[in-house]
Amino acid sequence: MSRIVAAIALLAALAGAAQAAAKPKPAPAKTKPAAAPVLSQANYRIDRYTLDNGLTVILHEDHTVPAVCFWQWYKVGSRNERQGITGLSHFFEHMMFNGSKNVPPKEYDKRLESRGAYSNAFTTRDMTAYYEEGGKESLETMLQLDSDRMRELSLLPDMMKSEIEVVREERRFRTDNSVPGLLDEALYSTAFEASPYHWPVVGWMKDLERITRDEMVAYFRTYYAPNNFILLLIGDFDPKDAKAKIAQYFASIPKQTPPAPPVNSEPDQNGEKLAYVRYPSETVSIDVGYKAPSVKSNDIWTLDILSNILSGGESSRLHQALVYDQQIALSASASFRAGLEPGLFEFYVEMKPGHTAEEAQKALYAEIQRLASDGPTERELQKARNQSEASFIEALKTNNGAGQALGYFEHVHGDYKDFFTAIDHYRGVTAADCKRVAQQVFDANHRTASILVPLEVGKESQP
């Protein structure tokens with residue numbers, strides 16, 4: 001477990017009652033002990049520095065277990081694309097495992113696994129991140145492999161042609177033949193008109209069919225550069241040795257011209273939007289999103305708390321109302337994660353067979369309005385605060401979770417130091433904050449609903 005100081009000072013200042021000759025003075029009131037911070041730069045040490053080529057390095061040394069986790073965080077996601085080349089960020093997540101100058105295709109994972117390590121990656125609207133995890137003796141292998149693919153990834157035409165077909169097939173599986181995937185795509189493309197969140201992370205199929213190799217290569221050269229990269233190393237390592245090896249493998253990779261920031265020309269939304277998706281299904285589902293602020297707003301912490309109040313476990317409002325009391329839904333959830341651009345506070349409801357989208361909307365909107373009108377109870381609020389804090393701390397129990405948290409704060413928040421104040425933000429959210437933010441965000445004029453229209457299972461279309 002990463003070292004986290006959670007102790008609270010228990011000693012109170014007890015002043016003795018001084019006696020006067022004629023009349024005793026009352027004893028001074030006991031002072032409330034100050035709580036030690038759960039996380040601080042003193043008890044959770046981070047070393048951050050930058051190489052001459054612009055590469056950012058974040059080190060967190062922890063000798064609890066003889067293992068390391070190596071994160072590579074590229075500051076590129078689908079928001080950095082444009083119409084015509086959507087899906088390229090996710091495509092390169094695939095390509096990064098397909099060989100480089102000194103590593104033949106399909107050898108990357110074999111070399112890691114032979115050292116007892118493993119790898120994975122993900123792409124979102126805001127970033128593309130990779131990680132390897134294994135025993136500390138595997139660190140140099142990780143650094144060798146990942147510097148090599150940043151420096152000279154294989155961009156051979158046949159390999160790129162083959163991998164783009166893999167991505168197309170993934171899109172067919174995860175979006176075109178998936179109710180949640182179809183609803184999510186319809187939700188974002190309807191809610192956003194001129195935001196870089198308009199298109200899906202996986203890309204439009206027509207773009208995946210037309211993107212040229214020259215466009216692919218230009219995209220890689222622009223975004224897979226050391227000055228657009230955060231290297232995070234968490235776990236059991238010697239800092240002096242790690243810094244020397246990081247310099248050895250990464251310092252000579254040349255920086256590139258910084259990419260231009262994405263343009264967000266999204267207009268204000270002044271009325272509810274609806275999208276209907278027809279697909280074979282035995283149940284109805286709805287995906288609802290309310291326009292929500294970016295990471296620049298202090299209200300993001302309150303929105304996290306509202307998410308837990310609405311769907312944090314079986315005692316949450318949505319589960320109790322739609323699943324338990326009314327018994328019309330199989331599941332009901334709320335979710336929010338602050339991004340670099342203004343995004344959505346989302347709700348997803350899957351109804352029981354025989355129940356309609358209209359019932360789902362009526363029940364969901366009633367619970368949302370009740371929270372906005374009345375605010376949370378003190379018990380609900382404390383539970384939600386506890387859940388947010390517990391989730392945050394729980395993630396830090398592993399090298400992997402700590403690396404992901406630090407990468408997110410460094411890139412999305414713009415400074416890893418915001419990591420140290422997150423819990424204070426959660427603890428500071430009040431019932432009044434919840435009521436105010438709910439009234440601002442859960443405005444029907446800023447709402448978009450993506451609604452499944454079930455077709456008979458086995459039929460692709462219906463007149």
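## Close-up views of the predicted model

**View A. Helix H3 on the six-stranded sheet.** Helix H3 (residues 139-152) lies across strand E3 (67-74), strand E5 and strand E6 (229-235), running at about 15 degrees to E3. Here contact means heavy atoms within 4.5 Å, and angles run from 0 to 180 degrees between N-to-C directions, with axes taken as lines fitted to C-alpha atoms, for helices over the stretch in contact. Helices (H or I, at least four residues) and strands (E, at least two) are DSSP runs that are numbered from the N terminus. The model is predicted, so that local features require pLDDT of at least 70 and side-chain atom pairs count only at pLDDT 80 or more, whereas totals for chains, interfaces and linings use all residues. Residues are numbered from 1 along each chain as its sequence is written, and side-chain values use heavy atoms, with hydrogens and water left out.

**View B. Strand order and edges of the six-stranded sheet.** This open sheet has its six strands in the order E1-E2-E6-E3-E5-E4, with mixed pairing. Its edge strands are E1 (47-50) and E4 (118-123), each of which pairs on one side only, and the twist from one strand to the next averages 15 degrees. Two strands are taken to pair if DSSP finds at least two bridges between them. At one edge, E4 and E5 (residues 128-135) are antiparallel over six bridges, with Asn120 opposite Tyr131 in E5. At the other edge, E1 and E2 also run antiparallel, joined by four bridges, and Tyr49 stands opposite Val57 in E2. The hairpin of E1 and E2 has five residues between the strands, and in it Gly54 takes a positive phi near 95 degrees. Helix H13 (residues 399-413) lies across E1, E2 (56-61), E3, E4, E5 and E6, and runs at about 25 degrees to E3.

**View C. The five-stranded sheet and its helices.** A second view shows an open sheet of five strands in the order E7-E11-E8-E10-E9, again with mixed pairing. E7 (273-280) and E9 (329-335) are the edge strands, each pairing on one side only, and neighbouring strands are turned by 15 degrees against each other on average, direction ignored. E9 and E10 run antiparallel and are joined by six bridges, with Ser331 opposite Glu350 in E10. Helix H9 packs on the sheet, where it touches E8 (285-292), E9 and E10, and its direction makes about 170 degrees with that of E9. Helix H11 (residues 357-374) lies across E7, E8, E10 and E11 (447-455), running at about 35 degrees to E8.

**View D. The crossing of helices H4 and H5.** H4 (residues 157-176) and H5 (residues 179-191) pack at an angle of about 90 degrees, with their axes 6 Å apart. The two helices, H4 and H5, are therefore roughly perpendicular to each other; angles under 35 degrees count as roughly parallel, over 145 as roughly antiparallel, 65 to 115 as roughly perpendicular and the rest as oblique. Arg171, Arg174, Thr175 and Asp176 of H4 make the contact with Gly181, Leu182 and Glu185 of H5. By class, this contact has one nonpolar, two polar and four charged residues, where Ala, Val, Leu, Ile, Met, Phe, Trp, Tyr, Cys and Pro count as nonpolar, Asp, Glu, Lys and Arg as charged, and the others, Gly among them, as polar.

**View E. The crossing of helices H1 and H7.** H1 and H7 (residues 213-223) pack at an angle of about 80 degrees, and their axes lie 11 Å apart. H1 and H7 are therefore roughly perpendicular to each other. Leu88, Ser89, Phe91 and Phe92 in H1 meet Glu215, Met216, Tyr219 and Phe220 in H7, and the residues of this contact divide into six nonpolar, one polar and one charged.

**View F. The largest pocket.** The largest pocket has a volume of about 830 Å³. On a 1 Å grid over the protein atoms alone, where a 1.4 Å probe fits, a pocket is an open set of points with protein on both sides within 12 Å along at least five of seven lines, and lining residues have an atom within 4 Å of a point. A volume is the space filled by probe spheres set on the points, which are joined across faces, edges and corners. The lining holds 34 residues, of which Thr123, Thr124, Arg125, Asp184 and Val201 lie nearest the centre of the pocket. H5 gives the most to this lining, with four residues.
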